[in-house]
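The following note sets out comments on the model for a colleague's consideration. The points are numbered and may be taken in turn.

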Amino acid sequence: MRVNDPYFAINEFAFPSAEIIADLGAYTGDTTEEYLKRSQGFCTIYAFEPCVSKFKALQKRVKRLNEEWDIKSTLITTVPAGAGSETSTVKFIENDFLGSSVSKNEWDIATSEIQVYSLDDYFKDKKAPTIIKADIEGYELNMLAGAEEIIKSVKPKLAISIYHRASDIFEIPELIHNLRSDYQMAVRNHSTTFTETVLYCY
């Protein structure tokens with residue numbers, strides 16, 4: 001079933017209120033802005049984006065939103081990094097058109113190195129996210145492995161892209177179920193092809 005509103009298609013996700021949101025793969029801030037609008041400015045958002053050009057655009061958008069909404073500059077935190085299984089630096093392939101991604105093997109032509117955080121590390125001294133949205137070009141499974149403690153202890157709502165790798169549609173739900181067996185899960189497709197397919201856990 002194809003539906004509109006990626007990351008908001010399930011009632012439990014439609015109108016977040018006073019949530020702490022980790023927007024992973026924030027791109028230029030389109031979903032960050034939608035979170036702000038739907039929460040009427042009552043969400044705290046951490047927007048992660050490792051791609052340099054997209055991060056600059058994200059910062060410009062967040063500055064505009066801060067001014068338009070007259071909100072505290074601390075409400076949206078932009079993080080020039082990715083999310084993975086552990087905190088480290090990794091080789092990165094930056095591509096403006098096909099989607100930037102972490103280098104997966106020695107034959108990839110990496111263009112830079114980026115900082116990657118495990119969410120368990122990043123939020124160790126902060127309030128843990130209550131929503132995790134991830135569209136990170138096939139690195140979603142790694143990210144979930146690095147958020148194990150948050151998922152086990154907080155049970156955040158999850159909106160996770162599962163279309164980048166053929167195995168994601170099986171492996172990602174299985175990993176989440178192994179971490180918390182009490183999640184309800186739903187899958188929604190937001191395009192005319194297999195792309196933009198999102199797993200919702202709540």
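Which residues are linked in a network of salt bridges? The first point answers this, and the others proceed to the sheet, the cores and the chain as a whole.

1. The model is predicted. Its network of salt bridges links Glu 33, Lys 37, Arg 61, Arg 64 and Glu 68. Within this group, the side chains of Arg 61 and Glu 33 meet at 2.6 Å, N to O. Arg 61 belongs to helix 3 (residues 52-69) and Glu 33 to helix 2 (residues 30-38), so the pair, 28 residues apart, links distant parts of the chain. The two partners may be described separately: Arg 61 is partly exposed, with a relative accessible area of 22%, while Glu 33 is buried at 9%.

2. The structure holds 14 salt bridges. One of them joins the side chains of Lys 133 and Asp 23, with an N to O distance of 2.7 Å. Because Lys 133 lies in strand 8 (residues 131-134) and Asp 23 in strand 1 (residues 20-24), this pair ties together parts that are 110 residues apart in sequence. Both ends are buried: Lys 133 has a relative accessible area of 2%, and Asp 23 has a relative accessibility of 0%.

3. A further salt bridge is formed by Lys 126 with Asp 125, where the closest N and O atoms are 3.3 Å apart. Lys 126 is partly exposed, with a relative accessible area of 31%. Asp 125, at 65% relative accessibility, counts as exposed.

4. Seven strands form an open sheet with mixed pairing, in the order 3-2-1-8-9-11-10. Strand 3 (76-79) and strand 10 (185-189) stand at the edges; each has a single partner strand, so one side of each is left without a neighbour in the sheet. From one strand to the next, the twist averages 15°.

5. At one of these edges, strand 10 pairs with strand 11 (residues 197-201) in the antiparallel sense, over five bridges. Met 185 has Cys 201 in strand 11 as its bridge partner. The loop between strand 10 and strand 11 contains Glu 196, a residue other than glycine whose phi is positive, near 55°. At 27% relative accessibility, Glu 196 counts as partly exposed.

6. A second positive phi merits inspection: that of Tyr 27, about 60°, although Tyr 27 is not a glycine. For context, most residues other than glycine have a negative phi. Tyr 27 is placed in the loop between strand 1 and helix 2, and at 42% relative accessibility it counts as partly exposed.

7. Two helices should be viewed against the sheet strands. Helix 2 lies across strand 1, strand 2 (44-48), strand 3 and strand 8, and runs at about 175° to strand 2. Helix 3 lies across strand 2 and strand 3, at about 170° to strand 3. Ala 57 is located in helix 3 and counts as partly exposed at 28% relative accessibility. Between Ala 57 and Trp 69, 12 residues apart in sequence, the C-alpha to C-alpha distance is 18 Å.

8. The largest nonpolar core has 34 residues, and those with the most contacts inside it are Leu 24, Leu 119, Met 143 and Ile 176. Apart from it lies another core, of 23 residues, which includes Ile 45, Ile 76, Ile 131 and Val 198. In soluble globular proteins, nonpolar side chains tend to be buried together.

9. Which residues does Met 143 contact, leaving aside its neighbours within four places in sequence? Its contacts are Leu 24, Ala 83, Gly 84, Ser 85, Leu 119, Ile 132, Ala 134, Ile 136 and Ile 160. Of these, Leu 24 and Leu 119 are also listed with Met 143 among the residues with the most contacts inside the largest core.

10. As for the chain as a whole, the secondary structure comes to seven helices and 11 strands. The radius of gyration is 16 Å, which agrees with the value near 17 Å for a compact globule of 202 residues. Along the principal axes, the C-alpha atoms fill a box of roughly 45 × 40 × 40 Å. Buried residues make up 50% of the 202 residues. Of the contacts with a separation of 6 or more, 71% are between residues 24 or more positions apart.

Note on methods
Residues are numbered from 1 along each chain as its sequence is written. This is a predicted model: local features need pLDDT of at least 70, side-chain atom pairs count only at pLDDT 80 or more; totals for chains, interfaces and linings use all residues. Side-chain values use heavy atoms; hydrogens and water are left out. A salt bridge is a side-chain nitrogen of Lys or Arg within 4 Å of a carboxyl oxygen of Asp or Glu. Helices (H or I, at least four residues) and strands (E, at least two) are DSSP runs, numbered from the N terminus. Buried means under 20% relative accessible area, exposed over 50%, partly exposed in between (1.4 Å probe, protein chains only). A nonpolar core is a set of buried Ala, Val, Leu, Ile, Met, Phe, Trp, Tyr and Cys residues joined through side-chain atoms within 4.5 Å. Contact means heavy atoms within 4.5 Å. Two strands pair if DSSP finds at least two bridges between them. Axes are lines fitted to C-alpha atoms, for helices over the stretch in contact, and angles run from 0 to 180 degrees between N-to-C directions. The radius of gyration is taken over C-alpha atoms; the globule rule is 2.2 Å times the number of residues to the power 0.38.
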